[in-house]
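Got your viewer open and a selection box ready? Let's walk through this one together, stop by stop.

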Amino acid sequence: MKKEVKKILDDAKRYLIQQESLFGDEIILPKQSSSEQEQSPVEKDVSGEQFGVAPSWVESKTLDELEAKIKNCVKCPLGKTRTNFVFGVGNHKSEVVFIGEAPGAEEDLQGEPFVGRAGQLLNQLLASVGFRRDEVYICNVLKCRPPGNRDPLPSEIEACSPYLVKQLEIIKPKLIVSLGRFPVQTLLKTSASLGSLRGQVFEWRGMKIIATYHPAAVLRNQQWKRLLLEDLRRAKEIFLQK
Ligand code: URA
């Protein structure tokens with residue numbers, strides 16, 4: 001690493017000496033492109049990542065600080081089509097975090113995860129196992145809505161998942177519940193099916209992860225409701241374990 005930095009600095013020095021010999025000690029900078037001129041400081045910070053510059057959100061100590069630093073993200077095209085950036089909601093010190101896939105139409109409008117039909121079902125099932133929505137934390141892998149509620153693209157997950165990882169590092173819950181396959185596949189870097197992951201307890205950076213059906217899938221297929229409820233009961237047990 002040190003060698004690489006030294007090489008960059010040596011190259012930069014050589015370049016500046018060459019420029020000085022050609023143009024004197026006046027530094028001529030390229031004119032900013034119009035897209036750069038339009039970028040807010042937050043957009044610049046976030047997009048700096050694409051050029052290998054560590055963005056300042058990485059150092060965030062709280063969820064509020066992280067949200068403020070990433071909410072204008074345009075790292076992927078969804079940043080241009082969203083109505084709201086849907087960061088997450090609930091108890092910042094929760095011992096359990098529920099993660100969905102991405103905001104839907106209603107979430108995009110309200111800026112809060114799981115407030116549409118799937119969210120109402122989730123609230124109802126959480127309440128039936130003794131979790132209050134405001135005592136847990138709820139977020140998604142993607143913070144912006146994919147148009148037409150299509151599945152997240154690998155490139156969108158790659159761009160957005162570092163934000164999820166940072167949220168989890170800040171909250172440090174005891175348990176993560178993956179609603180559907182995307183959260184568990186993203187965190188465990190696996191392409192295994194939900195069917196094969198469900199029923200197991202995984203470990204990720206000192207936190208436990210279980211995977212269950214997505215409430216939207218249960219709305220389409222009522223026979224999975226019983227299984228989702230079973231998994232939420234298991235989540236409650238793990239949550240209560242000392
Ligand atoms: N589906 C999700 O995965 N997340 C939401 O926030 C809403 C629906």
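**The overall view**

Colour by secondary structure and you'll find 12 helices and six strands in the chain. Keep in mind as you go that this is a predicted model. Of the chain's 242 residues, 43% count as buried. Take the contacts between residues at least 6 apart in sequence: 70% of them join residues at least 24 apart.

**Stop 1: the sheet**

Show the strands alone. The six strands make an open sheet with mixed pairing, in the order β1-β3-β2-β4-β6-β5. β1 (89-90) and β5 sit at the edges with a single partner strand each, so each has one side without a neighbour in the sheet.

Zoom in on the β1 edge. β1 and β3 (residues 137-140) run antiparallel and are joined by two bridges. Pick glycine 90 and look across to β3, where tyrosine 137 stands opposite.

**Stop 2: strand β2**

Now select residues 96-100, which are β2. Is this strand enclosed or left open? Five of its five residues are buried, so β2 is largely enclosed by the rest of the structure. Turn on side chains: Val96, Phe98 and Gly100 point one way, while Val97 and Ile99 point the other way.

β2 runs parallel to β4, with four bridges between them, and four bridges also link β2 to β3, again in parallel. Phenylalanine 98 makes a handy marker for both pairings: valine 177 stands opposite in β4, and isoleucine 138 is the bridge partner in β3.

Stay here and click isoleucine 99. Setting aside residues up to four places away in sequence, isoleucine 99 touches a list of residues that includes Cys139, Leu164, Leu168, Val177, Pro183 and Leu187.

**Stop 3: the nonpolar core**

Which residues have the most contacts inside the largest nonpolar core? Select Phe98, Ile99, Phe131, Leu168 and Leu187; the core as a whole has 61 residues. Helix α8 gives the most to this core, with nine residues. In soluble globular proteins, nonpolar side chains tend to be buried together.

While you have α8 (154-171) selected, go to isoleucine 171, which is found in this helix. Its relative accessibility is 7%, so isoleucine 171 counts as buried, the cut-off being under 20%. Draw a distance from isoleucine 171 to valine 97: the C-alpha atoms are 8.6 Å apart, although 74 residues separate the two along the chain. Valine 97 is also one of the contacts of isoleucine 171, along with Leu63, His92, Lys93, Ser94 and Tyr137, leaving aside neighbours within four places in sequence.

**Stop 4: helices on the sheet**

Next, select residues 181-188, helix α9, where six of the eight residues are buried. Those six are Phe182, Pro183, Val184, Gln185, Thr186 and Leu187. Show what surrounds them and you'll see that they pack against β2, α8, β4, α10 (194-197), β5 and β6. Helix α9 lies across β2, β4, β5 and β6, and runs at about 125° to β4.

Then add α12 (residues 225-240), which packs on the sheet and touches β2, β4 and β6. The direction of α12 makes about 170° with that of β6.

Before you leave α9, step just past its end to lysine 189, whose phi is positive, near 50°.

**Stop 5: the pocket**

Switch on a surface and look for the largest pocket, with a volume of about 700 Å³. To centre the view, select Glu101, Ala118, His214, Ala216 and Arg220, which lie nearest the pocket's centre among its 30 lining residues. Two or more lining residues come from each of α6 (105-110), α7 (117-128), α9 and α11 (215-220). The largest share, four residues, belongs to α11.

**Stop 6: the cavity**

How many cavities of 30 Å³ or more does a search of the whole structure find? The search finds one, and about 100 Å³ of space lies in it. Clip into the model around Cys73, Cys76, Cys144, Cys160 and Tyr163, which lie nearest the cavity's centre; 14 residues line it. α5 (78-81) and α8 each supply at least two of the lining residues, and the largest share, four residues, comes from α8. That brings the tour back to the helix that gives the most to the largest nonpolar core.

Methods:
Residues numbered from 1 in each chain as written. Predicted model: local features only at pLDDT ≥ 70, side-chain atom pairs only at ≥ 80, totals over all residues. Heavy atoms only, no water. Buried < 20%, exposed > 50% of the residue type's maximum accessible area, 1.4 Å probe, protein only. Contact = heavy atoms within 4.5 Å. Pairing = 2+ DSSP bridges. Axes fitted to C-alpha atoms, helices over the stretch in contact; angles between N-to-C directions. Core = buried A, V, L, I, M, F, W, Y, C linked by side-chain atoms within 4.5 Å. 1 Å grid on protein atoms, 1.4 Å probe; cavity = no way out; pocket = protein on both sides within 12 Å on 5 of 7 lines; lining within 4 Å. Points joined across faces, edges and corners; volume = space filled by probe spheres on them.
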